[in-house]
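Please open the model in a viewer and keep the sequence panel visible. The stops below are meant to be selected in turn.

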Protein chains: 2
Amino acid sequence: MSTLADGMEDYLKKLLTLSVSGYIDIKRKELSGKFNCVPSQVNYVLETRFTLEKGYLVESKRGGKGFVRIRKLQASLENLLDVFLQDILSGQISDDRARGLIQRLYDLKYISLRESRLMEATLDSLTIIKDKSLQETLRGWLLKDMLLMLIKFA
Amino acid sequence: MSTLADGMEDYLKKLLTLSVSGYIDIKRKELSGKFNCVPSQVNYVLETRFTLEKGYLVESKRGGKGFVRIRKLQASLENLLDVFLQDILSGQISDDRARGLIQRLYDLKYISLRESRLMEATLDSLTIIKDKSLQETLRGWLLKDMLLMLIKFA
DNA sequence: TATACTTTGACTATCTTTGACCTTTGTAAA
DNA sequence: TTTACAAAGGTCAAAGATAGTCAAAGTATA
């Protein structure tokens with residue numbers, strides 16, 4: 001049994017795979033109507049499951065002729081770098097962004113599923129570090145070192 | 001006279017033997033309801049009877065539609081784990097020892113060359129930690145979390 | 001009796017769902 | 001053109017639903 005949010009996520013992702021244009025347009029109110037919930041639930045799903053880190057771009061317009069457009073970003077090392085280069089160079093990165101990067105490397109087939117799990121596991125370990133700043137720094141280094149290794153032995 | 005905890009342990013183990021998937025999902029509150037005790041008693045049982053040493057893996061999620069998942073490791077994985085458990089559970093591990101374990105995993109064909117390099121890369125990152133004790137601790141956690149992840153999705 | 005194991009409950013953390021209020025945009029009326 | 005209003009979508013904080021932690025109190029055992 002899954003949550004409303006999970007159901008809506010699956011529904012939207014299915015629509016996306018069926019779409020030829022690479023994006024879908026929805027009406028927030030219609031969608032919430034279909035799932036019998038308040039409209040803002042749609043925003044919750046968008047904010048937690050269709051983030052830039054996860055490879056989605058959400059645009060919208062209010063008022064008459066309003067819409068919510070969800071786009072699955074074409075995975076390429078280029079736009080990956082666009083999104084994450086700043087983090088990687090700065091040597092610090094948040095947990096969310098790190099996981100997003102790993103997910104997208106996997107989408108790209110740049111790493112295997114097992115490799116992505118290994119990388120994610122390293123992020124789990126960091127929770128034992130109390131010092132938040134050290135945590136972010138170490139996360140950055142871990143990612144950087146793992147990426148460099150992958151590149152070196154590609 | 002057997003304790004509440006023993007009863008709960010037996011109940012869960014029975015459910016596990018009946019499960020085809022190799023794991024069971026329960027609701028902490030439902031279970032404690034069935035045994036007429038406080039919810040945290042479930043945690044006590046999990047912590048004392050369904051530990052890694054005993055060949056179990058426990059995952060959970062909070063919030064709406066939350067759950068506790070108990071997984072019984074396959075015998076082959078348990079054996080593999082036995083080899084490393086002592087090191088891993090000690091909580092701290094030296095760099096040499098860690099690299100030895102990784103090499104061993106590779107020799108056993110349990111991980112690929114790339115995976116071994118990935119794991120080694122994480123050890124490299126640790127050098128930025130000044131605190132030697134924290135370094136050793138984190139090394140232990142990294143290894144454990146990575147291995148667990150591999151086991152979980154084996 | 002001392003020690004180890006068990007049980008409880010108050011407090012905390014996390015994830016989801018809801019609803020009241022806010023902002024933007026298109027368009028019909030003035 | 002300007003204005004008013006309806007029709008979107010957005011924000012945010014509170015409520016709801018679970019699970020986790022920890023230490024104190026209770027019980028069994030050596």
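The tour visits a sheet, then a helix, then a single residue.

The model is predicted, so that local features need pLDDT of at least 70 and side-chain atom pairs count only at pLDDT 80 or more, whereas totals for chains, interfaces and linings use all residues. Residues are numbered from 1 along each chain as its sequence is written, chains are lettered from A and ligands numbered from 1 in the order in which they are written, and side-chain values use heavy atoms, with hydrogens and water left out.

**The sheet of chain A.** Select the three strands (DSSP E runs of at least two residues, numbered from the N terminus) that form an open antiparallel sheet in the order β1-β3-β2. At its edges lie β1 (23-26) and β2 (56-61), each paired on one side only; pairing requires at least two DSSP bridges. Next, show β2(A) with β3(A) (residues 67-72), which pair in the antiparallel sense over six bridges. Within this pair, Val58(A) stands opposite Ile70(A).

**Helix α7 of chain B.** Move to residues 132-152, a helix of 21 residues (helices are DSSP H or I runs of at least four residues). Asp131(B) caps its N-terminal end, with a side-chain oxygen 2.9 Å from the backbone nitrogen of Ser133(B).

**Ser32(B).** Finally, select Ser32(B) in helix α2(B) (residues 28-34). Is Ser32(B) buried or exposed? Ser32(B) counts as buried because its relative accessibility is 3%, where buried means under 20% relative accessible area with a 1.4 Å probe, protein chains only. Leaving aside residues up to four places away in sequence, Ser32(B) touches Cys37(B), Val38(B), Pro39(B) and Val42(B), contact meaning heavy atoms within 4.5 Å.

Conventions
Buried < 20%, exposed > 50% of the residue type's maximum accessible area, 1.4 Å probe, protein only. Expected span 1.5 Å × (residues − 1). Polar contact = N/O pair within 3.5 Å; in protein donor to acceptor, adjacent residues only side chain to side chain.
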